Amino acid sequence: MTRVIDTVHCDADVASSSLTGSALKGVRSVVAAPENEMKRWRRIFEANAKVVIDGEKYLDPDSFVNAIAPKTDSTKIGRAQFAILFRVADSSKRGLVSWDDFTVFETLLKRPDADYWIAFQYFDVDSSGTITFDEFKNVFLANVGPSAIPFDFDCDWVKLYLGRKNGTHVLGYNEFTQLMKGLQGERLRQAFKHLDKDQDGFIRPEEFKQIILEIAGHKLSDAVIERLPTLCTLTPSGRISYSEVVAFQNVIREMDMVERILREATAKSKDGRIDQSDFLNHSAAISRYALFTPMEASIIFHFAGRGSREKRLALLDFAQLLDPQWRAPHEVLEANEVSPKASLLQGILKSAYGFVQGGIAGAFGATIVYPIDMGKMQNQRSTVVGQMLYKNSIDCAQKIFRNEGLMGFYRGLGPQLIGVAPEKAIKLTVNDLVRGRAMDPETGRIKLGWELIAGGTAGGCQVIFTNPLEIVKIRLQIQGEAAKLEGAVKTGAANIVRQLGVLGLYKGASACLLRDIPFSAIYFTAYSHLKKDVFHEGYNGKQLSFLETLGAAGIAGMPAAYLTTPADVVKTRLQVEARQGQTHYKGLTDAFVKINKEEGFKALFKGGPARILRSSPQFGFTLLAYEYLQKYPWQENKAEVKTALTTPKRDEMSRIRARNALKILLDVHGDFGRRAANFSHPLVKPAYPTTSPSKTA
């Protein structure tokens with residue numbers, strides 16, 4: 001057929017008056033990208049283009065791969081396989097990609113159907129806009145090794161799309177997309193029929209493995225590939241039926257939906273585990289029609305359970321099926337193995353850094369809320385008989401400011417900051433330690449009872465530092481008011497410590513334990529469930545934002561602070577040095593009884609609102625700082641399932657579409673791309689030799 005418009009290369013110099021030149025200019029204007037994209041593409045091109053001809057830079061296959069391959073990838077597609085796309089970008093068929101070629105290719109990747117469009121161009125060798133029978137067959141055979149299972153191009157399925165060999169019908173773009181979608185199924189059917197020599201509907205395990213490696217090897221982890229022959233154990237015959245092969249292919253094809261069902265079902269499960277029935281029930285619940293058959297569910301649990309299909313499995317068990325790059329834990333440990341001396345040193349440094357984390361986080365939170373803490377403490381003080389020191393928290397703040405000025409709100413902050421480092425280090429470390437011991441290593445779940453025990457234990461351990469700290473802080477805080485009203489001489493923290501002695505520093509420790517144990521038990525449990533159940537941390541790989549982390553930490557402090565206010569009131573009364581006219585308390589029980597009798601039950605909750613205002617933001621900022629500090633420099637590698645569904649999309653959409661286009665070609669045969677380096681299509685000859693270009697340094 002005579003061409004209406006002659007072939008013109010993107011970087012060719014054509015006269016603007018010609019029909020071809022006008023058409024090319026029109027195409028360029030239509031596909032023109034915004035300037036910011038052009039700058040980014042130019043930067044990528046200049047950074048990778050190493051071949052220079054007559055002052056112009058070009059990309060060779062290797063540099064082209066560096067320019068378009070995703071930087072991060074959760075699949076098994078190697079970077080070298082992206083060279084297969086070079087042939088699509090190289091519109092001049094000369095073995096080099098110019099700047100104009102690169103801009104056209106990048107613009108092409110912006111199409112929502114870029115993956116199928118690129119695959120179409122790969123098969124459309126003569127760039128005619130259609131694919132003939134010969135083109136389809138030649139491209140297919142050129143990318144398949146001689147040991148591959150043969151494909152019958154004369155089958156009825158191919159004829160439905162392409163017609164007979166004489167080319168009575170050709171493929172347009174839309175027909176091509178449907179052909180590619182169904183090609184893997186036809187390849188599977190023909191491969192099974194070819195290997196089923198006896199025509200009894202069964203093949204041997206190693207033959208099944210050969211089929212899957214050819215059409216889906218890039219989608220499976222090495223662990224699953226090694227276990228492919230074990231599929232024969234599902235039936236007594238010891239061989240694999242066609243229905244099982246089709247079921248396995250359906251599982252691979254719907255792997256994204258499999259992962260969604262597994263994640264949602266395990267998240268809703270009380271113990272974080274599911275069985276085959278749970279999987280099928282959740283599948284039916286989220287879809288209009290049944291997505292998976294019992295045989296397909298059996299295959300999923302067979303490979304996830306390593307042959308045992310009866311036990312309940314956690315999401316981590318399915319990792320080897322969902323993640324093509326999955327490696328066994330012992331292999332990861334061996335790869336990251338360090339010398340004993342280095343490991344010991346790293347452990348010591350990590351432990352020391354953990355304490356520093358707690359100190360920094362605690363000091364940060366304490367400094368922010370210390371003025372509120374001052375008002376809370378003063379309002380909880382014992383009253384002189386017949387005299388009310390403060391009407392409420394606002395009145396308390398006004399009197400502190402009037403008597404002592406702004407600095408009065410920070411009186412006693414020094415000892416607070418000195419003591420808060422070991423206190424918070426012990427509290428946070430003990431909580432993490434107990435939770436880590438009680439947590440299911442596969443599901444990451446911990447029972448509610450153990451959550452309360454972990455928090456309570458942390459709260460109890462911190463009293464070793466909390467009680468001396470608090471009694472010194474409280475006595476420093478009340479000095480300002482006493483000095484103003486009574487003319488008393490202010491003393492420092494050292495004098496207070498000498499006056500109290502070692503035993504005196506632990507006065508009111510029972511009330512402190514009564515406050516801190518339930519506070520930490522409530523707080524850490526509420527914080528964990530707010531993150532998981534309200535803000536959905538970890539759901540499909542979600543990481544909480546700054547405000548979500550702060551919100552969870554702050555909200556958790558509200559019930560913990562208010563419900564433990566009575567113990568805090570009693571502790572304050574026991575630790576304050578009683579003056580003339582004030583009630584004296586003999587101990588914990590005596591304080592509870594006298595406060596209730598003399599001031600009423602409401603007095604036990606004095607300073608409750610201020611305690612919420614103090615504890616909520618303090619622990620909010622403390623836990624926020626702690627969460628962020630934990631990421632550096634030793635971020636804990638938690639056992640989790642990372643796939644394309646959960647991995648943050650750090651790559652540009654164009655790179656993702658380039659990878660998806662390669663996936664479509666690899667679905668035809670796993671050798672696509674691996675043979676690309678040696679592939680020169682017989683229908684196309686290079687425009688000129690590629691041995692002349694010089695390479696820049």
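This passage describes aromatic contacts and one nonpolar surface patch in a predicted model.

A search of the whole structure finds 33 aromatic pairs. In one of these, F120 and F176 meet edge-to-face. Their centres lie 5.4 Å apart, with 75° between the planes. This pair links distant parts of the chain. F120 belongs to helix α6 (residues 114-123), F176 to helix α9 (residues 173-195), and 56 residues separate them. Both rings come from buried residues: relative accessibility is 5% for F120 and 0% for F176.

The pair of F279 and F292 is tilted, because the planes stand at 50°, between the limits of 30 and 60 degrees. The ring centres are 5.6 Å apart. F279 lies in helix α14 (residues 276-285), whereas F292 lies in the loop between α14 and α15 (294-304). The two are 13 residues apart. F279 and F292 are buried.

Ring pairs also build a cluster. Its members are W117, F120, Y122, F123, F133, F136, F140, F151, F153, Y173 and F176. The edge-to-face pair of F120 and F176 thus has its two residues in this cluster. W117, another member, also carries a charge contact: the charged end of R111 sits over its ring, 3.9 Å from the centre. R42 places its charged end over the ring of W99, 3.9 Å from the ring centre.

At the surface, I464, F465 and Y506 make a nonpolar patch of about 270 Å². Y506 is found in the loop between α22 (493-504) and α23 (509-534). Its relative accessible area is 35%, so Y506 counts as partly exposed.

Terms used:
Residues numbered from 1 in each chain as written. Predicted model: local features only at pLDDT ≥ 70, side-chain atom pairs only at ≥ 80, totals over all residues. Heavy atoms only, no water. Patch = residues over 30% accessible without salt bridge, like charges linked within 9 Å, V, L, I, M, F, W, Y side chains within 5 Å. Areas by Shrake-Rupley, 256 points an atom, 1.4 Å probe, with all protein chains shown as cover. Salt bridge = Lys/Arg side-chain N within 4 Å of Asp/Glu carboxyl O. Helix = DSSP H or I, 4+ residues; strand = E, 2+ residues; numbered from the N terminus. Buried < 20%, exposed > 50% of the residue type's maximum accessible area, 1.4 Å probe, protein only. Phe/Tyr/Trp six-rings, centres within 6.5 Å; stacked < 30°, edge-to-face > 60°. Lys NZ or Arg CZ within 6 Å of the ring centre and 35° of its normal.
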